[in-house]
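Please open the model in your viewer, with a selection panel at hand. The tour below goes from stop to stop, saying what to select and what is to be found there.

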Amino acid sequence: MENNNHEPGAISMDGFKVVVPAHPLISHWVSVLRDQSTPSHAFRSAMGELGRLLVYEATRDWLPTVTQEIQSPMGAAIVESVNQMEPIMIVPILRAGLALADLATSILPSTKTFHLGMARDEVTLQPSVYLNKSYITEVKLMNYKSPLLWLPDRFPKGCHILLVDPMLATGGTVSAAVDLLKERGAEISQIRIISAVAAPPALKKLNQRFPGICVYTGAMDQIVNEKGFIVPGLGDAGDRSYGT
């Protein structure tokens, strides 16, 4: 991949864009996540902080806005603000995606969070869906307890979707997730992927299967081992986030 995009940290090839934002805070939180001595609660907190920064970068040129006149204490003003009638759809892939997406709502004025439970077979490395329903329920999942909203039957036309998967290693899980979003009416132009660490095999698969999709990641590592883990990576993001 060649860096021929004007956005800092952006790498593009045949319409496929990967952005590793050049910001010292992003580098800092990635370093905290990589450190094997980081305890679970600090790891989960660092994941949330990294996710917040990546969401900020991913939505820089992507938020629906409205222009209106308001009254300030000193007079009338024409202002531009985020259109809260068009919430950003956030889809974390359980479990680890919960931690990375945890603080996204703190910077976005209007969001709607859906959840997708996917697991990877440790032998075949193939993904499978273990949780996906179209109604609201409350569950307790690895110390996470809140209303969980599963994927809708159809996403609204023209909506914006942030798909959150911390580790893009082989690309099997994230590709299967994109397929599910497409089955429910989402177009590739409506989807942006947020990850903590990404590796070439996943990016190559995404580029081949979904031309034009964008990925925002905290770091790029070059190696995926025989067990499907990124090296040096940061280990099992789900286990480290929830102390399992």
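Start by selecting C159, which is buried, with a relative accessible area of 8%, where buried stands for under 20% relative accessible area, exposed for over 50% and partly exposed for what lies in between, with a 1.4 Å probe and protein chains only. Then add C214, which is buried as well, at a relative accessible area of 11%. The structure holds 0 disulfides, a disulfide being a pair of cysteine sulfur atoms within 2.5 Å.

Two remarks on reading the model belong here. The model is predicted, so local features need pLDDT of at least 70 and side-chain atom pairs count only at pLDDT 80 or more, whereas totals for chains, interfaces and linings use all residues. Residues are numbered from 1 along each chain as its sequence is written, and side-chain values use heavy atoms, with hydrogens and water left out.

Now zoom out to the whole protein, which has 6 helices and 16 strands; these are DSSP runs, numbered from the N terminus, with helices being H or I of at least four residues and strands E of at least two. Of the 244 residues in the protein, 47% are buried. The accessible surface comes to about 12,000 Å², and 52% of that belongs to carbon and sulfur atoms, with areas taken from the Shrake-Rupley method with a 1.4 Å probe and, for residues, only the protein chains shown counted as cover. If one takes the contacts (heavy atoms within 4.5 Å) between residues at least 6 apart in sequence, 61% of them join residues at least 24 apart.

Next, select L33, M47, L50, L162, I194 and L234, the residues with the most contacts inside the largest nonpolar core, which has 39 residues. Such a core is a set of buried Ala, Val, Leu, Ile, Met, Phe, Trp, Tyr and Cys residues joined through side-chain atoms within 4.5 Å. Elements giving two or more residues to this core include α1 (24-34), α2 (40-58), β5 (88-94) and β13 (191-198), and the largest share, 7 residues, comes from α2. Around L162, not counting residues up to four places away in sequence, the residues touched include V55, W62, I90, L108 and I194. A second, separate core of 29 residues can be coloured apart from it, and includes I93, F114, A198 and L206.

For a helix that can be viewed end-on, select I26, V30, V32 and L33, which are buried in α1. Seen down the axis, the buried residues of α1 fall within an arc of 155°, so they line one face of the helix; the arc is that of the directions from the helix axis to the C-beta atoms. What covers these buried residues includes α2, β14 and α6.

Helix α5 (residues 200-209) offers another such view, with A202, L203, L206 and N207 buried. These residues cover an arc of only 130° around the axis, which puts them on the same side of α5, while K204 and Q208 are exposed on the other side.

From L206, move to V174 in helix α4 (residues 172-183), a residue that is buried with a relative accessible area of 2%. V174 touches L163, D165, L168, I193 and L206, not counting residues up to four places away in sequence. A C-alpha to C-alpha distance drawn from V174 to K205 should read 9.7 Å, although the two are 31 residues apart in sequence.

Which residues form the aromatic pair that is edge-to-face? Select F114 and F155, whose rings lie 5.7 Å centre to centre with 80° between the planes; rings of Phe, Tyr and Trp (its six-membered ring) pair if their centres lie within 6.5 Å, and planes under 30 degrees apart count as stacked, over 60 as edge-to-face and the rest as tilted. The pair links distant parts of the chain, 41 residues apart, with F114 in the loop between β6 (111-113) and β7 (116-120) and F155 in the loop between β10 (144-149) and β11. Both F114 and F155 are buried.

The last stops are in loops. N83, between β4 (75-82) and β5, is buried with a relative accessible area of 13%, and touches P64, T65 and V66, not counting residues up to four places away in sequence. The peptide bond from L94 to R95 is cis, with omega near 0°, and R95 has its place in the loop between β5 and α3. Finally, select V231 and P232, which are joined by a cis peptide bond with omega about 0°; P232 lies in the loop between β16 (230-231) and α6.
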